[in-house]
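Work through the exercises below with the sequence and the model at hand. Each task is followed by a solution in steps.

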Amino acid sequence: MSDLEQFRADTRAWLDANCPEEMRQPMKSQSEHCWGGRKWEFQSEAQKVWLERMADKGWTAPQWPKEYGGGGLGPEEAAILDEEMKRINARTPVSNFGFWMLGPALLKFGSEELKREHLPPICRGEIRWCQGYSEPNAGSDLASLQTRAEDKGDHFLVNGQKIWTSYADKADWIFCLVRTDPEATKHNGISFVLFDMESDGVTTRPIELISGESPFCETFFDDVKVDKNQVVGELNRGWDVAKYLLTHERNNIGGEPPGFLKGRALGPLAAEYVGTEHGKLADTALRADIARLEIDQIAFKALVEKIRAEAEAGQGVGAQSAVLKYYGTELNKRRYEVMMDALGAEGLEWDSERTMGGLYAREWLRSKGNSIEGGTSEVMLGIVSKRLLGLPDA
Amino acid sequence: MKLNDEQQMLQDSVARLMADKGPVSRLRQLRDENSEKGYDEPLWHAMVEAGLTGILVPEEHGGIGFGLVGAGLVAREIGRNLSVTPFLSSAVLGAAALSAGGSDAQKAEWLPAIAEGRAITALAIDDGAKHRPEAIQARVENGLLSGAKLLVLDGHVADLLLVAAQGDNGAGLFLVDPNAEGVTIERTQMADSRNAARIRFDNVPAQAMTDGAAALAAALRAGRAVLAAELSGLALEVFERTLAYLKERKQFGRLIGTFQALQHRAALLSGEVAMTEALAMQALDACDRNAEDADQLVLAAKSKAAKVALLAGQEGVQMHGGIGMTDEFDIGFFLKRARAGGETLGDANYCADRFAALRGY
Ligand SMILES: Cc1cc2nc3c(=O)[nH]c(=O)nc-3n(C[C@H](O)[C@H](O)[C@H](O)COP(=O)(O)OP(=O)(O)OC[C@H]3O[C@@H](n4cnc5c(N)ncnc54)[C@H](O)[C@@H]3O)c2cc1C
């Protein structure tokens, strides 16, 4: 048996023995996802046990180095773990911005001290992070941000406002872009700093979305003291870190999001609602829409695999993450549109038990944010045209 | 999937061959000369010499048995250059059909001839203007074929016709001699300056295959997958030519490539083309591996490629402005080929319909 075959066999056996039965059921909705953090209340004993066991193996962050709490797996082993988890429908034990945003940036830019301080609690699901990038006047033009950090000798004093800070009210720490050199040009005076959301002077105010949920906040900083050793990368070079992190964020947003449609085929779902005639969906226009969508999804998947394969050969995903983010999110929005077409009146119910509290309509509405968060679709097309196609600036 | 070294070498050498010997200017020349054969003979000879006509023919019959990924790599370069040869008709459709369903004698007679370029085969499937292989009309009774076919690529130069017809065991392919009595061949010039014959059969002797249905299925699968690759190459070429123009043409005192409206459309096109290329390769590879979902992938790839090639052609013309509409400029040839290649062996809608059926809705 090759090493990888042995690894697969061991992994399968371990998962079989350690993944609780309840954690092998598909999630009914995104609300069953485990985010972790100091304020997290486990929804079941199984959820807690599953997180602990996986964290002990380092498999909440399979590819991170072991010394920071990860699993130290290579890409092939990580792929096997992923396949074996999918095989038994095992849920992701925990995930939050610490894993798919801050972690990669810390691993690349963080000092040894910062890595040792912050990565292990992420892996154990103990600290949940939020992202302080956007401001009321700095959205797509992120580098125009105005939140200031003044040097006070042994610490910084942070003042300003962030907005659209997802889960700011539930997170424990924030990674935040602040201006540390007001004299420098736009991109050159920004630093990437970390601080505790329980620090004095931090307040959050939830904002309600069109889906009726309040996953994000306005976040205010009023004379917040930040340790000077909590700067990731060089002082005033935070933009490099910010951009690198965004490529990971975009990669992730472009992937298949959790939720009702995850792994669900639209054809059979539509058949339940619109019926069939001669073995085909009775609504022929909807049938064509679904086919075109699925074909586009298959094509997108083929491209993702190709880009990943090339990246492994050392060619880096880089600006390609904009392609993945653009198509991944636009396809996801199309899926939800087609789902709503299929579900008809039932999809519109806002709070019935039948619809798990208006899950369909709420997820449909939430999907509209996919092409805004992490950089809008228009911004992605701009990156593609300038960075990948080399088209000139105006 | 990633190309192995052998495949990469094939791609490089075919790219050189097509750009050298089969560029778009050759298509223009053949059209303007109203070439009798309707294909590029010197290029075809060079392809025979390079062994490309035997790319799908098993080694025991004198081919190189490179598989569909190999054939797709050739087709991709054909698409980039709009090279005109009977590669699809003979080396792909003929070889795939005969390998899958021919008798030992039929294989021994025709496969080496295809590989060595001694014979050209043509596939006759469509009874009407739209591709409907589930409802073949032509019939073989007591060994005699009657019916009418159209869009028979290279039909007027073929040495052997493979004709889809209803026989005693349902629909399948039959071998027919184009010179037999009762065969009437009308060469039709198509919009893409290629030829495709309309052929009538009146009680013509037709030779059954060992498994005519398998031969038909294999030809359709291989042909669609290879066409998807050709169309992806075509789309890529149009995109690259158009991108170059955006970086060169000035209006309002600046490069038109600085206009965001065009930048975003170029970005969208580049993504569509990249997805089409990736999917076409994945479909070809799935066929070679005989993967369970190979048919689904092939239908998806052909449907997507037909749409994207046409999109590229349209965007290519539009972004070139007036010059894009002139016959003197090459971009129009790509648009025309996109439409004709898209129609061949099932258009985007047909393939999407079959795809949905395979997925059970
Ligand atoms: C669900 C959700 C979660 C989010 N979570 C977070 C978070 O956790 N942390 C965080 O910091 N931020 C978060 N954001 C904010 C997000 O990053 C911004 O909303 C986004 O970058 C766009 O900025 P904006 O809202 O100011 O829109 P604007 O930048 O004002 O854009 C308005 C419109 O103008 C277009 N536009 C802007 N510039 C250009 C241009 N150059 N060319 C063409 N079109 C242009 C945009 O595409 C958009 O259509 C979140 C947003 C959403 C929707």
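**Exercise 1.** Which residues in α4(A) meet which residues in α6(A)?

*Solution.* The model is predicted, so local features need pLDDT of at least 70 and side-chain atom pairs count only at pLDDT 80 or more, while totals for chains, interfaces and linings use all residues. Residues are numbered from 1 along each chain as its sequence is written, chains are lettered from A and ligands numbered from 1 in the order in which they are written, and side-chain values use heavy atoms, with hydrogens and water left out.

Step 1. Helices (H or I, at least four residues) and strands (E, at least two) are DSSP runs, numbered from the N terminus. Helix α4 of chain A covers residues 97-109 and helix α6 of chain A covers residues 238-254.

Step 2. Contact means heavy atoms within 4.5 Å. On the α4(A) side are Trp100(A), Met101(A), Leu102(A), Pro104(A), Ala105(A), Lys108(A) and Phe109(A). They meet Asp240(A), Val241(A), Tyr244(A), Leu245(A), His248(A), Glu249(A) and Asn252(A) of α6(A).

Step 3. The residues of this contact divide into nine nonpolar, two polar and three charged. Ala, Val, Leu, Ile, Met, Phe, Trp, Tyr, Cys and Pro count as nonpolar, Asp, Glu, Lys and Arg as charged, and the others, Gly among them, as polar.

**Exercise 2.** Describe the geometry of α4(A) against α6(A), then against α5(A).

*Solution.* Step 1. The axes of α4(A) and α6(A) come within 8 Å and cross at roughly 140°. That makes α4(A) oblique to α6(A). Axes are lines fitted to C-alpha atoms, for helices over the stretch in contact, and angles run from 0 to 180 degrees between N-to-C directions. Angles under 35 degrees count as roughly parallel, over 145 as roughly antiparallel, 65 to 115 as roughly perpendicular and the rest as oblique.

Step 2. The crossing of α4(A) and α6(A) is right-handed. A crossing is left-handed if the near helix is turned anticlockwise from the far one by less than a right angle, and right-handed if clockwise.

Step 3. With helix α5 of chain A (residues 112-123), α4(A) packs at an angle of about 160°, the axes being 10 Å apart. α4(A) and α5(A) are therefore roughly antiparallel to each other, and their crossing is left-handed.

Step 4. From α4(A), this contact takes Gly98(A), Phe99(A), Leu102(A), Gly103(A), Leu106(A) and Leu107(A). From α5(A) come Leu114(A), Lys115(A), His118(A), Leu119(A), Ile122(A) and Cys123(A). By class there are eight nonpolar, three polar and one charged.

**Exercise 3.** How many cavities of 30 Å³ or more does the structure hold, and what lines the largest cavity?

*Solution.* Step 1. On a 1 Å grid over the protein atoms alone, a cavity is a set of points where a 1.4 Å probe fits but cannot get out, and a pocket is an open set with protein on both sides within 12 Å along at least five of seven lines; lining residues have an atom within 4 Å of a point. Grid points are joined across faces, edges and corners, and a volume is the space filled by probe spheres set on the points. There are four such cavities.

Step 2. The largest cavity holds about 100 Å³ of space. Its lining includes Ser89(B), Leu93(B), Asp126(B) and Thr344(B). β3(B) gives the largest share, three residues. Seven lining residues are nonpolar, two polar and one charged.
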